[in-house]
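Colleague: I have the model open in front of me. Please take me through it one feature at a time.

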Amino acid sequence: MIAAAYRDTLCAVLQRKYGRVRHGAKTLAQSIEGSPRTVQKWIAGTSAPRGEELVKLMAECDELRDEIFRLVKEGKACPDE
């Protein structure tokens with residue numbers, strides 16, 4: 001359940017912030033020193049970033065950082081899932 005919530009949350013935030021911006025994936029990829037194709041996959045929701053990539057994304061996007069922290073708090077509140 002948490003993996004799906006993580007991927008869906010990440011996808012939603014990135015779509016809102018970068019999905020409709022011309023060259024949004026390329027711009028984000030440059031700022032986190034990543035591949036535009038990889039960022040496109042994150043925006044599309046077909047994959048999700050790993051540890052180092054996530055940290056870079058959270059440093060770049062405050063909205064994403066806040067949503068990830070919300071997921072962490074929810075996970076602590078419901079340890080049985």
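**Helix packing**

Colleague: At roughly what angle do the axes of helix 1 (residues 2-19) and helix 3 (residues 36-44) cross, and what orientation does that give helix 1?

Modeller: Their axes come within 7 Å and cross at roughly 115°. Axes here are lines fitted to C-alpha atoms, for helices over the stretch in contact, with angles from 0 to 180 degrees between N-to-C directions. Angles under 35 degrees count as roughly parallel, over 145 as roughly antiparallel, 65 to 115 as roughly perpendicular and the rest as oblique. The 115° crossing therefore makes helix 1, relative to helix 3, roughly perpendicular.

Colleague: Which residues of helix 1 and helix 3 make that contact?

Modeller: Contact means heavy atoms within 4.5 Å. Helix 1 contributes Leu10, Cys11, Leu14, Gln15, Tyr18 and Gly19, and its partners on helix 3 are Trp42, Ile43 and Ala44.

Colleague: How many of the residues in this contact are nonpolar?

Modeller: Ala, Val, Leu, Ile, Met, Phe, Trp, Tyr, Cys and Pro count as nonpolar, Asp, Glu, Lys and Arg as charged, and the others, Gly among them, as polar. In the contact of helix 1 with helix 3, no residue is charged, 2 are polar, and the nonpolar ones number 7.

Colleague: Before we go on, what pLDDT do local features need?

Modeller: Residues are numbered from 1 along each chain as its sequence is written, and side-chain values use heavy atoms, leaving out hydrogens and water. This is a predicted model: totals for chains, interfaces and linings use all residues, side-chain atom pairs count only at pLDDT 80 or more, and local features need a pLDDT of at least 70.

Colleague: Helix 2 and helix 4 also pack; what is the orientation of helix 2 to helix 4?

Modeller: The axes of helix 2 and helix 4 come within 10 Å and cross at roughly 110°. By the angle ranges above, helix 2 is therefore, relative to helix 4, roughly perpendicular.

Colleague: Which residues of helix 2 and helix 4 touch, and how many of them are charged?

Modeller: Leu28, Ser31 and Ile32 of helix 2 meet Lys56, Leu57 and Glu60 of helix 4. These divide into 3 nonpolar and 1 polar, while the charged residues number 2.

**The two sides of helix 4**

Colleague: Why do the buried residues of helix 4 fall on the same side?

Modeller: The helices are DSSP runs (H or I, at least four residues; strands are E, at least two), numbered from the N terminus. In helix 4, Leu54, Leu57 and Met58 are buried, where buried means under 20% relative accessible area, exposed over 50%, and partly exposed in between (1.4 Å probe, protein chains only). The arc is that of the directions from the helix axis to the C-beta atoms. They share a side of helix 4 because they cover an arc of only 100°.

Colleague: And which exposed residues sit on the face turned away from the buried side?

Modeller: That face of helix 4 is the opposite of the one just described. It carries Glu52, Val55 and Ala59.

**Glutamate 33 and the salt bridges**

Colleague: Where is glutamate 33, and what is its phi near?

Modeller: Glutamate 33 sits in the loop between helix 2 and helix 3, and counts as exposed at 69% relative accessibility. Its phi is positive although the residue is not glycine, with a value near 60°.

Colleague: With which lysine does glutamate 33 form a salt bridge?

Modeller: A salt bridge is a side-chain nitrogen of Lys or Arg within 4 Å of a carboxyl oxygen of Asp or Glu. Here the N to O distance is 3.7 Å, and the pair links distant parts of the chain, 23 residues apart, with the lysine in helix 4 (residues 51-60). The partner is partly exposed at 28%. Together with Glu52 and Glu33, the network of salt bridges includes Lys56.

Colleague: How far apart are the closest N and O atoms of glutamate 67 and arginine 70?

Modeller: These two are 3 residues apart in helix 5, so about one helical turn separates them. Glutamate 67 is partly exposed at 23%, as is arginine 70 at 32%. Their salt bridge has its closest N and O atoms apart by 2.9 Å.

Colleague: How many salt bridges does the rule give?

Modeller: One of them joins arginine 50 and glutamate 53 at 3.6 Å, N to O. Arginine 50 is exposed at 61%. By the rule, the count of salt bridges comes to 9.
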